[in-house]
Structures are given as C-alpha cells and as structure tokens.
Amino acid sequence: MLPRIDSIKQIRLKIGITQKKLATMAGISTSMINQIESGRSQPSYETAKRIFESLAKLEGESSSHTAGDFCSKDIVKLKPSNTLHDAIKKMHELSISQIPVFDNSDVVGVVSEDGIVKHLSDLGETELKKAKLSDTMDSVPPIVDFDTPANVLVPLIRYSKCILVSKKSKIIGIITASDTLKMME
C-alpha cells in the first residue's frame, strides 16, 4: 500500500529536492510532478510507486542517524509463561507501556497497556491477572536493522507499539514512540 498521493509535495519539501530532481529520478516529466502535487492529475499506480520509491531513497540518503542511534539497549523482556500480573507490575515499576515477549532468544510477541485494557473488558480483572502472556500478547512488533535510517522509523512507530532493533540477527535494542521524539532534538 502506498502513502497518500497528496503527501508527495510535503515529503519532497521535507527532504529539500526540486520537482525536476524528483521527476528525473522517477522517470517522468517535471510538469507531471507539478500536476500531481497540485491535484490536477492522478498518477497511475506504477508512476506513484516510482515516485514514492525515489522519495524513500532520497529520504534514506538525507538521514545521517540510524535506528541504532535511538534505540534503548536495555530491553525489558518477559516470557510467554509470565502472567499479565507480572507484566503490569513490571510496567508500573519501570514506567513503560510495552514489553516484548521472548521465548529464549526468539521474539514471540509484545504485551502493551492497550492490549491489557482490551483483554480487561473480555476477562475481568481477577482472571486477567492470572492469564498467561502466551494467551494475551499481541503479535511480534516490527524488527529493523541497526543501520536502518532513522526517518524510516517515525511512520513505522505510528502503527506499532514498539520497534525492535537487530544487529547480525540478534535483537539488541528497542525503540518506542518516546525514543522517536529524541530525533526532534
């Protein structure tokens, strides 16, 4: 699924390139970019895809920071056999809102405040506290490489509770919404 067509101009301006440069990279005319950005023309799916691929490439080049620069290296982990009570206690203790669930070194899911609240209405408080994480956790969060450009992370964090960061196939860090705010500093 592609981003909204009306975001092309905003992304282009954010990374500081001209319509001409974007058009050249995408293999279309400058006037076509102008018409698309002004809403006078709707590109075909293939053309839109080439435009967004060009923007993504340029965005990656314009970012000097990587996921590794922003991730927290201290990952709080729980096991599928832990209870939701364990998760809630740990979240309160450490003032965090999500915890990845690991089965040995494999990520198998994530438990979050949102997920707990959803299950609360289904199970009730007493049953919920005894429930195992294996029965109540959300699916595995996105995993990105340590060298992933930082500007790729913001759209990703909008749709997930956290992002895990790997290096040489090993999870070495976690990025949450509050970590992405550090990029603005």
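**View 1. The span of residues 71-128 in the predicted model.** The C-alpha atoms at the two ends of residues 71-128 lie 31 Å apart, and the span is 45% helix and 22% strand, where helices (H or I, at least four residues) and strands (E, at least two) are DSSP runs numbered from the N terminus. In an unreviewed UniProt entry, these residues carry the feature "domain: CBS"; UniProt positions follow the numbering used here, feature names are shortened, and annotations may be inferred rather than shown by experiment. Residues are numbered from 1 along each chain as its sequence is written, and, this being a predicted model, local features need pLDDT of at least 70 and side-chain atom pairs count only at pLDDT 80 or more, whereas totals for chains, interfaces and linings use all residues. Side-chain values use heavy atoms, with hydrogens and water left out.

**View 2. Domain 1 and domain 2 of the protein chain.** The assignment, which is automatic or taken from a database, gives domain 1 as 6-62 and domain 2 as 67-183. Between the C-alpha centres of domain 1 and domain 2 the separation is 35 Å.

**View 3. The protein chain as a whole.** The protein chain holds eleven helices and five strands. Its radius of gyration is 21 Å, well over the 16 Å that the globule rule gives for 185 residues, so the chain is more spread out than a compact globule; the radius is taken over C-alpha atoms, and the rule is 2.2 Å times the number of residues to the power 0.38. Along its principal axes, the C-alpha trace spans about 65 × 35 × 30 Å.
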